[in-house]
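Hi,

Here is the model I promised to pass on. Have a look first, and then read on for my notes on the contacts.

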Amino acid sequence: MKENQNVAINYLLLSKLFFIGLLITQFFIISTIIEKRVFENEKYLEMLVYGMILLGTFIKLFLGKIYILFINNRFDLFAILFLGVFFGYSFNEISFNLFSKINALSDLKLVALLSIPVMLFVLFELRKNRYYDNKDAMKSAFISDREVQKIADDKFEMADEANRFAERVYNFGASDSLVFGIDAPWGTGKTTFVNLCKTYWWKNHEKKMIVYSFNPLQYKNKENLLERFMEGLIREINKKTFAPELEFLISRYARFIKESKFSFSFFGLGLGLPQSSESIEDAFSQLEGFLADFDKKIIVIIDDLDRLDFATIKEVLCMAKKAFMLPNLSYILCYDTENIIALDKMNSDPDKIIEFLEKFINVKMNLYLDNKLLVQNFTERPEAYFPEKERESSQFVKNAIIGLKEIFGSNEFHAYLPFVSDSRKIKMLVNTIILLGIDKTDFENCDINNEDLIHLLLIYINYPSAFRKIYNSETSGRKGFFSVIINSKQAEKGMKYVHSEQYEKYLASVNDNQKFLLNKIFNREDIVGKSDQDILSEKRDSYACFNKSTPPREEGNLERYLKLITKMVYPEKTKQNAFYNKIKTDFSQGKSLNDIFNGTDFLHNESVIFNFWENLKHTSWSNFKPIKWREISTYVLENIDKYSLVSGNNMVDLRNYLPNYLVEYLTKEINCSKNCWEDVEAWILGKDIHEGKGILMTLGKREILGLHDLLKFRWCCYLQGEPDLIHTLANYKKLASGEKQQKEDIQKIAIQEMREISQVVFQIFKSEFLDKRKNFFVEVDKLHNKDFISTYFAQENDSEILNEVILKVKANMKNFIVRQLGNSSSSQGIGSGCGYYDMEGNEDKKGINLEFNKYLFEICFNPEKNENNYANFLDCLLWDSFQNNEGKPELSLDDITAYLSKEKLLDYWEEYGERIKSKNFEARKCFTRNYTLVDFDCLYDIFAKLDEFCEVENDSIN
């Protein structure tokens, strides 16, 4: 029986080879006929070209097969091939006579005949080239989950381990049949590991091995899996060797298995005993005998075993161990034991599953991924995963996932394993970042905490319902479910920020993994600390647990994160403290403020400049050296008059804030160096080396707007409840005296400092306005719109739209000057206006108030000087009025006489009251203190109040 079957195989093979030899001879005979016809006439040169291409096609088709015979030393088959060639050559006369009819064909028909194989060959080559060209052109913007194919792409240093394993599988070329197991979780790199093994075999044992990879997941119809397995195995063998006998034996054995009636199930097919046990044993024996003498080792790799159902897994193992355990045929099975255990729902004992696997697998190794290499590759070298043109994107991705470093270095890394334990999970995270456009975020210039962003993304990927809950609870003005809330009742414990009761209840309802991620973002004690005093401003500006809007941003931190993830709303860098912190770093390293403000982000945008000054205000004094704080203060002093006093159209009333900022920066300079307080004090007052160019003098010499800046500066020197400039100077002056610090002594020094500043301020006013008999009310009214607008915006904003806004500003300026210079009320001698002090000396008998009132009533309110001076007097009255229940202005005599002399007020009204009441005020409008615009006819109620004051005063005198 065996002999007959082998003879049948040989006859079939020999017949094929004999026919090929005969065909080769006939081809050359046809070529000779065409050649003769071509060279008979030059016009047939085109046919020669076709003939050469046809010859090349023939060689391409048959040379590969002939080469396989040669490398496999099948000289017996070569003899049959040459016999066919010899036979064809011997009967060439018949072929010549037969093919000579080609000469009878017309030129066109001959060319058409030759074109058929040529065109088929050309079309095939063009299609192949086009396919590969297109593939090269199509570069993915995402990180592919494709396994590594080359050692050069080995990011996780698997190559050495793979080489050792590959050599053990080769096993010195021994014919022993073994089943190797590679056990590792999904994403660890089992397929990559196997590919590196293939590379090793190709380099070191290419001629001694055949490697066949079979993935059962690729085939939907399990009834054909056995056929697919056999077809693939035979195809792989034919690529590497010429062994038609082996092909026949494998096919016959597979057919016996398929047709078996008494069988066990394999992929839904019958496996077991056929009707005639002798037949299957005979087929197995022949196959075993052939493979025992086979000169190549066959390795069958079955990947993703754990992705099959459990019944199929068992039958694959049975197939490998029982049906196809043949010489020189070994298996490598890739799987994750934990997943296989989870698949077996009928058996809850993991040890039983492990014991079952051990019955089929001879040698097993476990793969372990180096977490350090894993995080390094994605956080430090993400460009390795992107094509050349996407390298810029890879840098953005690198910034976006920098929080992974902290996660992998954390003592809690074990809790992160469900989310980032392997490259597949991290690739999903990275690809989600790219899909959502988060990689385009300017992380260097926005208030984003990398860990918070990563944690929110992990929730977004793994727990979409939880993320949806966060989004619905913390956007569109809603806050306080997940984000911390302010609870004043906890303030005495130093815990202003607390969790809501809803958050605590929700946390109790989720699983441990969700709870862990939520706590990493929102847990108060981990983020804030035991006391709210531990919160740094950087945390309050960036951490996602805070969802309260803070300048310069309009939305809370958490809402900003959520909009970035869901809507691709990128943080506007000029509203991020990180942007200004970067600018401050540049400044500390030598960049000038002029260069900063001439940059594209600052130019013609006062809101950005305002945010910068505001950020500097909240900057710790230790961030800069004293010389840098002095540079900042000098810049403000020299440039304050360039900025706007009104808001709108990219403008901010920055000039209103700059005097306060100047005071803040001077205070920081003093705190930065204990020895510079004397120089700061001298600079403010214009003493010593600063004589004639002190801060007060520089501000006050800029006409009426400069006077307003000067009084703002003086007012900001003491702001109750803050570490103000006055008390800072007093502290250092007391400290320099060497005496024991006493609160009362420091307060006395502070009063003296404020007194001296107030006296210098009034002297500047006196020299600029009082001595020159200039009415500052008139000076304010004379100002044009452009005087209130930054020099950067004067042309584009000098319009009538600003008229009403500027009227309000003018009203505020007038009354601010009156109150700062005239106010004589006492607040421990510090928070008062200049009127509380004398023009010189230390007695504080309100000498400045008397002198200023004399100026007001003689120059500013006196109708004899100018009839419009009535309006200046009435402006002051209206400004200090308040609205009653009927919406009409009412006047408080106590408020007015805090800065206007009661005696002069009543005298003035006695003399000019009737004249004023007889005036028609309908055409003039004025503002109350809360900027309510009222007609002058509302003043008649105030006139009645003044009449009442006069009557009461006269009665008391009488």
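For what follows, a salt bridge is a side-chain nitrogen of Lys or Arg within 4 Å of a carboxyl oxygen of Asp or Glu. Keep in mind that this is a predicted model.

With that rule, the structure holds 26 salt bridges. One of them joins D183 and K364, whose closest N and O atoms are 3.4 Å apart. D183 sits in strand 1 (residues 179-183) and K364 in strand 7 (residues 363-366), so this contact ties together parts that are 181 residues apart in sequence. The two ends differ in cover: D183 is buried, at 8% relative accessible area, while K364 is partly exposed at 47%.

Another salt bridge pairs K520 with E412, at 2.8 Å from N to O. Here K520 belongs to helix 22 (residues 512-522), and E412 to the loop between helix 16 (403-408) and helix 17 (413-420), with the two positions 108 residues apart in the numbering. K520 is partly exposed at 22% relative accessibility, and E412 is partly exposed too, at 33%.

For a local example, try E914 and K917, which meet in a salt bridge at 3.1 Å, N to O. Both lie in helix 42, 3 residues apart, or about one turn of the helix. E914 is exposed at 57% relative accessibility, whereas K917 is partly exposed at 24%. There is also a network: R630, E669 and D679 are joined by salt bridges that share partners.

Helix 42 (residues 902-917) also holds E911. This residue is exposed, with a relative accessible area of 54%, and together with E903, D907 and E910 it forms a negative surface patch.

Now the rings. The count comes to 48 aromatic pairs. Among them, W629 and Y665 are stacked, 6.1 Å centre to centre with 25° between the planes. W629 is in helix 29 (residues 626-639) and Y665 in helix 30 (residues 654-672), so the pair ties together parts 36 residues apart in sequence. W629 is buried at 0% relative accessible area, and Y665 is likewise buried at 0%.

What about F765 and Y855: how are their rings arranged? Their centres are 5.3 Å apart and their planes stand at 90°, so the pair is edge-to-face. This one links distant parts of the chain, with F765 in helix 35 (residues 743-770) and Y855 in helix 39 (residues 847-860), 90 residues apart. Both F765 and Y855 are buried.

Cheers

Notes
Residues are numbered from 1 along each chain as its sequence is written. This is a predicted model: local features need pLDDT of at least 70, side-chain atom pairs count only at pLDDT 80 or more; totals for chains, interfaces and linings use all residues. Side-chain values use heavy atoms; hydrogens and water are left out. Patches are made of residues with over 30% relative accessible area and no salt bridge: like charges are joined within 9 Å, nonpolar side chains (Val, Leu, Ile, Met, Phe, Trp, Tyr) within 5 Å. Accessible areas come from the Shrake-Rupley method with a 1.4 Å probe; for residues, only the protein chains shown count as cover. Lys and Arg count as positive and Asp and Glu as negative; His and the chain ends are not counted. The place of a charge is taken as NZ of Lys, CZ of Arg, CG of Asp or CD of Glu. Helices (H or I, at least four residues) and strands (E, at least two) are DSSP runs, numbered from the N terminus. Buried means under 20% relative accessible area, exposed over 50%, partly exposed in between (1.4 Å probe, protein chains only). Rings of Phe, Tyr and Trp (its six-membered ring) pair if their centres lie within 6.5 Å; planes under 30 degrees apart count as stacked, over 60 as edge-to-face and the rest as tilted.
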